[in-house]
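Here is a set of questions and answers on how the parts of one protein chain pack together. The sequence and the model come first.

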Amino acid sequence: MQGHISGTYVRLLFEWLNDKGFEAEKVLQRSCPDLDERIRVPFDEWRAMLERTYQVTKDPFFGLEVGSRITPRHLGVLGYVSYSCNTLGEALLRLQRFEDLVHAVNDMKVNFDGDLILLQWGAELGVTGEFADQTAQAVLVSYIRYLISPEFSPVWMSFINPTPTNVKPYEDFFRCPVKFESNFTTMAFPAMWLAKPVAKPDPVLRDILDRQAESLLQQLPANDEFVDALRQAIHAAIHAATPSLDVVAMRMYCSPRTLQRRLDERGLKFQVLLDDARLQLAKRYLSKAGTSLSEIALLLGYAEQSAFNHAFKRWTGVTPKVWREKNATMV
């Protein structure tokens with residue numbers, strides 16, 4: 001899917017893995033020293049890193065622990081801007097304005113529900129996934145606790161993702177009820193928290209950093225036309241039951257070697273893009289009651305239904321049958 005993550009944000013995962021005794025560079029297949037604020041890591045690569053982390057830790061809730069370690073330096077200029085604000089409300093305004101410097105995927109929207117503030121993320125650019133959302137929300141709540149008070153807790157949280165086998169780790173971490181399979185990923189908290197002072201406000205430094213953040217924001221690259229065309233080619237190849245790199249390269253009017261080189265230049269993995277496209281299509285087909293699981297497997301380019309079942313469970317944590325039953329119940 002489209003979007004990117006800043007190098008400083010990705011460092012958070014490197015540091016956690018190393019502290020846990022894992023070789024982060026080996027697990028994540030990337031060098032840590034080259035990760036700084038100027039580096040933009042494609043979101044698909046970030047999601048692949050999180051998946052590899054799960055494979056070695058076997059901990060489905062590792063993102064909560066990773067997010068709890070957040071500090072201003074992991075957010076780059078945005079972190080220092082927010083840390084220099086007078087109140088949480090000011091800091092959140094900066095977060096909304098400059099979030100693309102750190103986590104440029106689906107935009108944060110701010111809404112009101114009575115005396116509650118709702119920070120919400122949809123899926124305009126696609127569903128980001130359980131581990132990515134888990135980490136991102138743990139980062140946000142932990143950073144608010146860092147800025148104003150360790151006593152901060154949302155009133156409730158919700159996630160777009162399927163319900164995990166165990167919700168308790170989420171509720172223990174966020175210290176509130178947590179719902180899943182919602183239309184938005186949401187953090188709800190009392191509006192009175194907006195007036196809470198930040199620990200170390202510095203208006204002069206804030207103004208300087210505001211200008212720096214604004215400048216950095218203007219330097220971010222526009223959406224990549226190559227990636228947009230590639231996604232269309234992958235979808236077409238899936239529909240033709242031939243979703244291989246060679247076939248997609250042909251649809252892109254280039255050689256497989258050229259396509260691979262262009263993917264490497266952007267830090268993208270063909271298999272990750274293919275899995276993302278298949279997952280989106282699978283959910284669309286599963287929402288149609290008249291389509292059998294064997295038909296969906298064929299529509300997605302799988303020779304056998306068992307291969308589709310295995311892949312879908314790896315992506316979502318549940319089988320296609322269970323996802324369809326939950327989705328039908330929710331609707």
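Q: Which residues of helix 7 do G79, S82 and Y83 in helix 5 meet?
A: The model is a predicted one. Contact here means heavy atoms within 4.5 Å. On the side of helix 5, the residues that take part are G79, S82 and Y83, and their partners in helix 7 are Y143, Y146 and L147.

Q: How do the residues of the contact of helix 5 with helix 7 divide into nonpolar, polar and charged?
A: Gly counts as polar, whereas Tyr and Leu count as nonpolar. On that basis no residue of the contact of helix 5 with helix 7 is charged, two are polar and four are nonpolar.

Q: Is helix 5 roughly parallel or oblique to helix 7?
A: Helix 5 covers residues 76-83, and its axis lies 11 Å from that of helix 7, at an angle of about 40°. An angle has to be under 35 degrees to count as roughly parallel. The helix 5 angle therefore makes the arrangement oblique.

Q: Is the crossing of helix 5 and helix 7 left-handed or right-handed?
A: The handedness depends on whether the near helix is turned anticlockwise or clockwise from the far one. For helix 5 and helix 7 the crossing is right-handed.

Q: How are helix 3 and helix 7 oriented to each other?
A: Helix 3 spans residues 43-57; its axis and that of helix 7 are 9 Å apart, and the angle is about 95°. Angles of 65 to 115 degrees count as roughly perpendicular. Helix 3 and helix 7 are therefore roughly perpendicular.

Q: Which residues of helix 7 make the contact with helix 3?
A: Helix 3 contributes F43, W46, L50, E51 and Y54. The residues of this contact divide into six nonpolar, one polar and one charged. From helix 7 come F131, A132 and T135.

Q: Which helix gives the largest share of the largest nonpolar core?
A: This core has 61 residues, and L13, W46, L119, F174, M187 and F189 are those with the most contacts inside it. Ten of the core residues lie within residues 130-147, and this largest share belongs to helix 7.

Q: Which residues is M187 in contact with, leaving aside its neighbours within four places in sequence?
A: M187 is among the residues with the most contacts inside the largest nonpolar core. Its partners include Q137, L140, V141 and I144, along with F152, P154, W156 and M157. The list also holds I117, L118 and L119.

Q: What percentage of the residues in the protein chain is buried?
A: The chain has 16 helices and eight strands. Buried means under 20% relative accessible area. Of the 331 residues, the buried ones make up 53%.

How values were computed
Residues numbered from 1 in each chain as written. Predicted model: local features only at pLDDT ≥ 70, side-chain atom pairs only at ≥ 80, totals over all residues. Heavy atoms only, no water. Core = buried A, V, L, I, M, F, W, Y, C linked by side-chain atoms within 4.5 Å. Buried < 20%, exposed > 50% of the residue type's maximum accessible area, 1.4 Å probe, protein only. Helix = DSSP H or I, 4+ residues; strand = E, 2+ residues; numbered from the N terminus. Axes fitted to C-alpha atoms, helices over the stretch in contact; angles between N-to-C directions. Parallel < 35°, antiparallel > 145°, perpendicular 65-115°, else oblique.
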